[in-house]
Amino acid sequence: MSKKNVLVSACLLNEICRYDGTTKMDIYDDLKGYEIIPVCPERFMGVPRPKISLENSEGKLQVIREDGLNITEVLEEEIDEFIASCPKLDKIILKSKSPSCGFKTTPVQYADSIKIENGLLVHKLLQIYDASIFFDENTYKSV
């Protein structure tokens, strides 16, 4: 019998890929029995790198670097390429509050407020997968 596939934010697997050149934790030991598929849509930008944030501009998510550069199109291309090559997933564990990976935890700037929503990768994955298989580093052990 083959292992189930779990998609995991690379920074949760002790990979140094965060904007500040750090990692968050290592959850490998908790995922025995799964085929682990690491993901970091932001990796192409290198480390360290300028921080990014999400803005909702006229109903469309925009990814803006702290220096003002809009990288939405490039990040969407990275995400689309990854999803196209990714096998079927049974579980998804992503970094909370991340502009690309956050599931129901990511701050999104609107014209007059900040709302907590999903990161860009999550928006795209939710077009394919049911929300019931999404977790973050704080909730993945609950199932």
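Is Lys 4 buried, exposed or partly exposed? In this predicted model, Lys 4 is partly exposed, because its relative accessible area of 48% falls between the limits of 20% for buried and 50% for exposed.

**Figure 1. Lys 4 and its place in strand S1.**
Lys 4 belongs to strand S1. This strand covers residues 4–9, and 5 of its 6 residues are buried, so S1 is largely enclosed by the rest of the structure. Ala 131 serves as a reference point for distance: its C-alpha atom is 17 Å from that of Lys 4, and 127 residues separate the two along the chain.

**Figure 2. The open sheet S2-S1-S5-S8.**
Four strands form an open sheet in the order S2-S1-S5-S8, and the pairing is parallel. Strands S2 and S8 (134–136) are the edge strands, each pairing on one side only. From one strand to the next, the twist averages 25°. In a regular strand, side chains point alternately to one face of the sheet and to the other.

**Figure 3. Strand S1 and its two partners.**
On one side, S1 runs parallel to S2 (residues 34–39), and 6 bridges join the two strands. Within this pairing, Val 6 stands opposite Ile 36 of S2. S1 also pairs with S5 (residues 91–94), again in the parallel sense, over 3 bridges. Here Val 8 has Ile 93 of S5 as its bridge partner.

**Figure 4. From S5 to the edge strand S8.**
The parallel strands S5 and S8 are joined by 3 bridges. Ile 93 of S5 has Phe 135 as its bridge partner in S8. Ile 93 is also the bridge partner of Val 8, which places this residue in both pairings of S5 shown here.

**Figure 5. The aromatic pair Phe 103 and Phe 134.**
A search of the whole structure gives 1 aromatic pair. The ring centres of Phe 103 and Phe 134 are 5.1 Å apart and the ring planes meet at 25°, so the pair is stacked; the planes must be under 30 degrees apart for this label. Phe 103 lies in the loop between S5 and strand S6 (106–109), while Phe 134 lies in strand S8, so the pair ties together parts that are 31 residues apart in sequence. Phe 103 and Phe 134 are both buried.

**Figure 6. The open sheet S4-S3-S6-S7.**
Another open sheet has 4 strands in the order S4-S3-S6-S7, and its pairing is mixed. S4 (60–65) and S7 (114–117) stand at the edges with a single partner strand each, so one side of each has no neighbour in the sheet. On average, neighbouring strands of this sheet are turned by 40° against each other, direction ignored. In its interior, S3 (residues 52–57) and S6 run parallel and are joined by 2 bridges. Glu 55 has Gln 109 as its bridge partner in S6.

**Figure 7. The largest pocket and its lining.**
Empty space can be found by rolling a probe the size of a water molecule over the atoms. The largest pocket holds about 310 Å³ of space. Its lining is made up of 20 residues, and those nearest the centre are Arg 18, Tyr 19, Glu 42, Ser 98 and Pro 99. Sorted by class, the lining has 10 nonpolar, 4 polar and 6 charged residues.

Definitions and conventions:
Residues are numbered from 1 along each chain as its sequence is written. This is a predicted model: local features need pLDDT of at least 70, side-chain atom pairs count only at pLDDT 80 or more; totals for chains, interfaces and linings use all residues. Side-chain values use heavy atoms; hydrogens and water are left out. On a 1 Å grid over the protein atoms alone, a cavity is a set of points where a 1.4 Å probe fits but cannot get out, and a pocket is an open set with protein on both sides within 12 Å along at least five of seven lines; lining residues have an atom within 4 Å of a point. Grid points are joined across faces, edges and corners, and a volume is the space filled by probe spheres set on the points. Ala, Val, Leu, Ile, Met, Phe, Trp, Tyr, Cys and Pro count as nonpolar, Asp, Glu, Lys and Arg as charged, and the others, Gly among them, as polar. Buried means under 20% relative accessible area, exposed over 50%, partly exposed in between (1.4 Å probe, protein chains only). Two strands pair if DSSP finds at least two bridges between them. Axes are lines fitted to C-alpha atoms, for helices over the stretch in contact, and angles run from 0 to 180 degrees between N-to-C directions. Rings of Phe, Tyr and Trp (its six-membered ring) pair if their centres lie within 6.5 Å; planes under 30 degrees apart count as stacked, over 60 as edge-to-face and the rest as tilted.
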